Amino acid sequence: MPSLTKETKSTAWHAQPLDYEVIAIGAGVCGLYQTYRLQKMGIKFLTLEAGSDVGGTWYWNRYPGARFDSESFTYAYSFSKELLDEWDWSERFAGQPETEAYFQYVAKKFDLRKNIQFNTRVASARYNEENRSWTVLCADGREYTTRFLVTAIGVLSAPTRPRYKGMDKFKGQSFHTFDWPSEPLDFARLRVGIIGTGSTGVQIISEIADKVADLTVFQRRPNWCAPLRNRPITKEEMAEIRASYDKIFARCAQTPGGFIHGPDDRATFDVPEAERLAFWEQLYAAPGFGKWLGNFRDILMDATANAEFTRFMSAKIRERINDPALAEKLIPKDHQFGTRRVPLETNYYECYNRDNVHLVDISETPILEITEKGVLTSDREYEFDLLIYATGFDAITGAYDRIDFVGENGVYLRDKWADGPLTALGVMTTGFPNLLTMAGPQSGSAGQNFPRGIEEVINWWSELLEYIRGNGYTKIEPKQELEDAWLEHVIKMGDGALLGKEKSWFSGYNTNLDREYKPRYLIYMGGAPRYRKRLAEQAQSNYSGFNFS
Ligand code: NA7
């Protein structure tokens with residue numbers, strides 16, 4: 001991969017005009033909307049995208065069963081009434097092909113592809129104080145200069161494979177879920193092994209269990225999975241949804257996660273037991289994240305209240321699995337419900353009642369190595385034709401670590417963030433002027449129903465960009481006080497929540513990297529309304545937390 005040196009441009013390059021006013025990296029959910037806004041502003045910009053088309057997450061994650069956990073109609077962009085009027089969702093929780101088609105439709109409708117350069121992976125970006133610009137170097141050697149650099153590089157876009165001995169020896173087909181091949185796989189005669197039981201693994205297992213010859217699931221720790229309850233949206237329902245979009249988006253704006261599901265006002269123990277159970281039955285029978293995000297207000301804050309619901313969910317899992325010993329293996333014992341990301345599922349637990357599906361608890365019989373034929377555990381060797389690594393991501397900061405961002409005084413961003421991210425409202429970081437980290441660590445958008453957070457933060461930054469241009473500024477950077485205050489606030493909010501402390505990608509936990517944890521909170525836990533207020537305060541105070549020159 002090429003590296004950025006002063007020699008990459010002629011010595012007098014800083015006297016030359018910049019190639020662009022803005023370069024955005026990424027044309028996924030965030031980058032696509034950024035592209036739309038920049039195009040509307042009529043400024044000279046370019047969006048760089050590693051994939052061959054738009055969609056980001058929905059472009060890369062094409063594994064069987066990949067699907068929304070957000071209600072489709074809450075995941076749509078809200079910025080264009082015309083778009084809302086034109087697009088029909090076919091299911092309450094749309095599958096990947098439909099979602100990818102949606103983003104392609106958006107790109108076509110607004111003619112966004114003309115400003116996106118595909119198949120272009122950014123290798124490094126260096127800030128030049130001489131002319132207050134960034135030089136962006138791509139993996140193919142192309143180089144561009146820009147005043148502002150906007151990252152829309154995804155929250156879960158840096159996949160991590162396990163580091164088992166012998167992974168290169170396996171003679172069958174193997175890949176990480178993020179690198180799922182585009183050619184269809186004929187599963188019918190395949191013996192499949194899958195490692196990982198997060199949201200991705202759970203979706204794949206449920207989808208392929210009845211399509212493969214044999215499926216062996218290697219589970220390190222079970223998750224608290226809950227029913228998705230997907231169903232088609234009829235034409236009549238779509239018309240009703242369309243007529244209610246204003247209300248739907250207003251509702252999402254009120255809830256901490258940007259979903260239609262927000263916490264119930266009541267505290268668990270204020271509600272008599274029978275009523276409590278009836279409420280939980282209702283949540284369990286209803287679609288989506290209600291069980292997690294629409295529960296009593298203290299369920300995700302108070303471990304004692306949570307223990308009651310955890311008991312309820314354990315019973316639900318037991319009911320669905322024929323073999324009681326197997327059920328116990330699938331019930332998490334090391335963490336309470338909802339303290340890690342809850343995978344939503346369709347018939348996941350029932351898969352384990354099938355003769356062709358086997359669970360290997362690798363907390364009991366660890367994987368020793370990958371062999372030519374398959375997987376060797378401390379117990380025996382398993383033979384496969386296909387081995388799937390559903391082992392997750394170097395979340396939130398992983399995509400930043402993989403690009404050499406070099407700020408003032410030659411400081412690398414990954415070094416500045418070595419002990420965890422330091423940011424101002426999650427949108428900028430000191431020492432890296434003119435670098436905007438959209439959906440970056442500690443921003444409000446990373447942990448919520450993504451498009452809702454994204455539209456908000458891109459709108460905020462677009463107004464800020466107008467302000468900068470209107471005043472003829474060429475440089476913006478956050479004040480140290482804002483960064484310090486934001487860290488303090490992020491920690492305070494994180495300390496009050498159960499989510500984010502458990503070992504999961506929310507807390508930067510990943511055993512496939514050189515370190516298991518990323519220190520400091522990666523995600524802002526204060527909720528979308530509070531985050532929006534903080535952004536608005538900055539705009540109202542003429543961005544008092546930032547220095548301009
Ligand atoms: P997750 O949720 O991070 O899940 C990864 C899974 O892989 C999880 O079960 C891990 O077990 C397991 N894992 C990771 N490394 C290993 C190794 N080395 N050996 C065995 N098992 C391993 O990623 P997903 O892709 O499922 O979901 C990510 C998000 O995408 C999801 O939350 C949605 O927001 C969309 P562990 O639990 O760490 O013991």
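The exercises below concern a predicted model and come with worked solutions.

**Exercise 1.** Find where the ligand lies relative to domain 1 and domain 2.

Solution. Begin with the shell: 21 residues surround the ligand, and the closest are Tyr164, Thr197, Thr200, Arg220 and Trp505. Next, sort the shell by type, which gives nine nonpolar, eight polar and four charged residues. Then look at the domains. Domain 1 (6-54 + 112-158 + 395-542) and domain 2 (163-225 + 344-392) both contribute residues to the shell, so the ligand lies between them.

**Exercise 2.** List polar contacts of the ligand with arginine 220, glycine 198 and alanine 390.

Solution. For arginine 220, a side-chain N or O atom is 2.8 Å from an oxygen atom of the ligand. For alanine 390, a backbone N or O atom is 3.2 Å from a ligand oxygen. For glycine 198, a polar backbone atom is 3.4 Å from a ligand oxygen. As for cover, the ligand on its own has 780 Å² of accessible area, and the protein covers 87% of this.

**Exercise 3.** Classify the ring pair of tyrosine 509 and tyrosine 517, and say whether each residue is buried or partly exposed.

Solution. The whole structure holds 54 aromatic pairs. In this one the centres are 5.4 Å apart and the planes make an angle of 55 degrees, and the pair is tilted. Buried means under 20% relative accessible area. Tyrosine 509 has 13%, so tyrosine 509 is buried. Tyrosine 517, at 33%, counts as partly exposed.

Technical notes. Residues numbered from 1 in each chain as written. Predicted model: local features only at pLDDT ≥ 70, side-chain atom pairs only at ≥ 80, totals over all residues. Heavy atoms only, no water. Near = heavy atom within 4 Å. Polar contact = N/O pair within 3.5 Å; in protein donor to acceptor, adjacent residues only side chain to side chain. Areas by Shrake-Rupley, 256 points an atom, 1.4 Å probe, with all protein chains shown as cover. Nonpolar A, V, L, I, M, F, W, Y, C, P; charged D, E, K, R; others polar. Domains from an automatic or database assignment. Phe/Tyr/Trp six-rings, centres within 6.5 Å; stacked < 30°, edge-to-face > 60°. Buried < 20%, exposed > 50% of the residue type's maximum accessible area, 1.4 Å probe, protein only.
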